[in-house]
Amino acid sequence: LALFGLDLELSKLALEALARSESAATVELIGDALRGPLAAPEREGLIGALERIGQESPRARSLAVVHRGLGTRPEAVDPEAWTRSLAYAPASAPPLNWEGLNAQVDASGPSASRDPAVLLALAEARLALALAPETAQRLAADPATAPKYARLLLEDAQQALLAAEAAGSTGWRLDASAAITAHFLGDPAAAALRAERAVRALPVGETSWNAMAVLGLFADARSAAIRAAVDAKQSWPAAWLADVHATFAILAQHPLGEAGHVVARYDFLVQLSAFGPAEQAVEAGLRRFPDSWDLHDRWRNRLVADHGVEKLEQAYLARLSEPNPPLNWVWYCGVASYTSAEFYRRDAKNLQAHEAYTHAIGHFETSIQANPRDRDSSDHFVALALAGQARLAIVRGEFKDATELLLASFARRPASTGSLDGLNLSPSDTSRLLRARLRDAGETELLARLEEALTAL
């Protein structure tokens, strides 16, 4: 109470007490304290307490390494230099289109030249061709042979890389291509080794696709190594986490970075109980990738876990009120309100659930006007929200309202009648409950209307 209260002096005393703690019972509270903004001496004192308690507690030892790593300077990359460089660097377009890559590969071969630069360029072209989306689309025309030909293309790239290396080619481009090829050929150990070599030599601000890819492989390999150590209850260097955190931060700014990189960063930090940095990562990621369902899903879960369901709608509305919100943000406001309603229903807070469903319907109606392409998904959620309100009306014994709401759900999107909501209930399930209640109450007219609608469906 002192730590998170409004009295600053009591909060300071609480931090001092935690920094002197010797008890494993304080580990989770120390972890909670480290999530907030702290002065460097206060943070150091809490991490020191975790390290001291960690002599007996694996949980404390793990948290100590995590928070030490988050404050440690990375060894493999310089995030500040990358930030400065990427602020002015445009995205690099692929040097050749698919036909151009084909032409380059067809016109060359390992025996065509002994020049390392030429051989490396050929290897990169073969790798780009093997991984190009258009290649996958063309191979998919024959599912029986697609995996075999996809692997053969990667093996062609690997052979060209071996030829380039034998001819004397070195440097980050060679290592990056070797790492990417090894990854897709199912050799994670080789991919991790070459990725680390490539990243350490990677020019700051490099915006090519293979730079982006090898940064992602390096972050994934370091994350996997940390997970393995944690699962085995073994110690691991704090610098590993510093490298992962910094590399994901670079990918979050890289012009070819993807929402998937942010998702991987978030999931990794949550697994290590680094909830504060995880929330910061997902919030920043949503500003760059505001249409990522996976990021929204994680942000909603984090908001509820950290601040309670009451914070969920507020957080989305706050972003919606900012200047120039993303086009589809109002649709996600609808999802946030709909999700809130389901949390309220689980807690038997039926009035709040009804209101949240009403908010959700309003957001989805606005979304349809702002972006008509969202109509079908909006109609789906509106149909489920109306059915959810019908369920609440049944609980209140208001059978007429329940019937009207359920009929409105059927009419809004008939195809959603069998869809399950977050409580594993569908409008069809609710219709069976309502039918039984109407029959027991002798509401023959309402029952006839419901039966007619169900027959039509």
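**A helical protein seen from α18 outwards**

Helix α18 is mostly covered, with 16 of its 18 residues buried. In this predicted model, the helix is also about as long as it ought to be: at 1.5 Å a residue, its 18 residues should span 26 Å, and the C-alpha atoms at its ends are indeed 26 Å apart. Just past the end of α18, A348 takes a positive phi of about 60°.

Stepping back to the whole chain, the protein has 23 helices and zero strands. Its C-alpha trace spans about 90 × 65 × 45 Å along the principal axes. Of the 457 residues, 48% count as buried. Among contacts between residues at least 6 apart in sequence, 63% join residues at least 24 apart.

Then there is the nonpolar interior. The largest nonpolar core has 95 residues, and those with the most contacts inside it are L295, W299, Y316, L434 and L450. Y316 gives a feel for the surroundings: leaving aside its neighbours within four places in sequence, it is in contact with H296, W299, R300, L303, W329, Y332, C333 and A336. A second, separate core holds 16 residues, A14, L18, A33 and A64 among them.

Aromatic rings turn up together as well, with 11 aromatic pairs in the structure. In one of them, the ring centres of Y338 and F381 are 5.2 Å apart and the planes meet at 70°, so the pair is edge-to-face. Since Y338 lies in helix α18 and F381 in helix α20, the pair ties together parts that are 43 residues apart in sequence. Both Y338 and F381 are buried. These two also belong to one aromatic cluster, alongside W293, W331, Y332, Y357 and F364.

Helix α20 (residues 375–396) is home to R391 too. This arginine is buried yet has no salt bridge, and the nearest side chain of opposite charge, D429, is 6.0 Å away. Salt bridges are counted here only within 4 Å. Not counting residues up to four places away in sequence, R391 touches R345, L425, D429, T430 and L433.

Elsewhere, charged side chains do pair up, and the structure holds 31 salt bridges. One of them joins E28 to R59, whose closest N and O atoms are 2.8 Å apart. That pair links distant parts of the chain, with E28 in helix α2 (residues 27–33) and R59 in helix α4, 31 residues apart. E28 is partly exposed at a relative accessible area of 41%, and R59 is partly exposed at 32%. E80 forms a salt bridge with R73, the closest N and O atoms being 3.1 Å apart. Here E80 is partly exposed at 38% relative accessibility, and R73 is partly exposed at 48%. K349 and E310 make another salt bridge, with 4.0 Å between the closest N and O atoms. K349 sits in the loop between α18 and α19 (350–370) and E310 in helix α17, so this pair links parts of the chain 39 residues apart. Both ends are partly exposed, K349 at 32% and E310 at 41%. Finally, E165, D175, R194 and R197 are linked in a network of salt bridges.

Another helix that is well wrapped up is α13. It has 16 residues and reaches 23 Å from its first C-alpha to its last, close to the 22 Å expected at 1.5 Å a residue. Because 12 of those 16 residues are buried, α13 is largely enclosed by the rest of the structure. The buried ones include A238, L241, D243, F248 and L251. They pack against α4 (58–70), α5, α12, α14 (259–271) and α15 (275–288). Helix α5 (residues 79–86) contains R84, which is exposed with a relative accessible area of 55%. The C-alpha atoms of R84 and G205 are separated by 8.2 Å, although these residues are 121 apart along the chain.

Two loop residues round off the picture with unusual backbone angles, given that most residues other than glycine have a negative phi. K233, in the loop between α12 (209–231) and α13 (238–253), has a positive phi near 55°. K233 is exposed, with a relative accessible area of 64%. N324, found in the loop between α17 (310–320) and α18 (329–346), has a positive phi of about 50°. N324 is exposed too, with a relative accessible area of 77%.

How values were computed
Residues are numbered from 1 along each chain as its sequence is written. This is a predicted model: local features need pLDDT of at least 70, side-chain atom pairs count only at pLDDT 80 or more; totals for chains, interfaces and linings use all residues. Side-chain values use heavy atoms; hydrogens and water are left out. A nonpolar core is a set of buried Ala, Val, Leu, Ile, Met, Phe, Trp, Tyr and Cys residues joined through side-chain atoms within 4.5 Å. Buried means under 20% relative accessible area, exposed over 50%, partly exposed in between (1.4 Å probe, protein chains only). Contact means heavy atoms within 4.5 Å. Helices (H or I, at least four residues) and strands (E, at least two) are DSSP runs, numbered from the N terminus. Lys and Arg count as positive and Asp and Glu as negative; His and the chain ends are not counted. The expected span of a helix is 1.5 Å times one less than its number of residues. Rings of Phe, Tyr and Trp (its six-membered ring) pair if their centres lie within 6.5 Å; planes under 30 degrees apart count as stacked, over 60 as edge-to-face and the rest as tilted.
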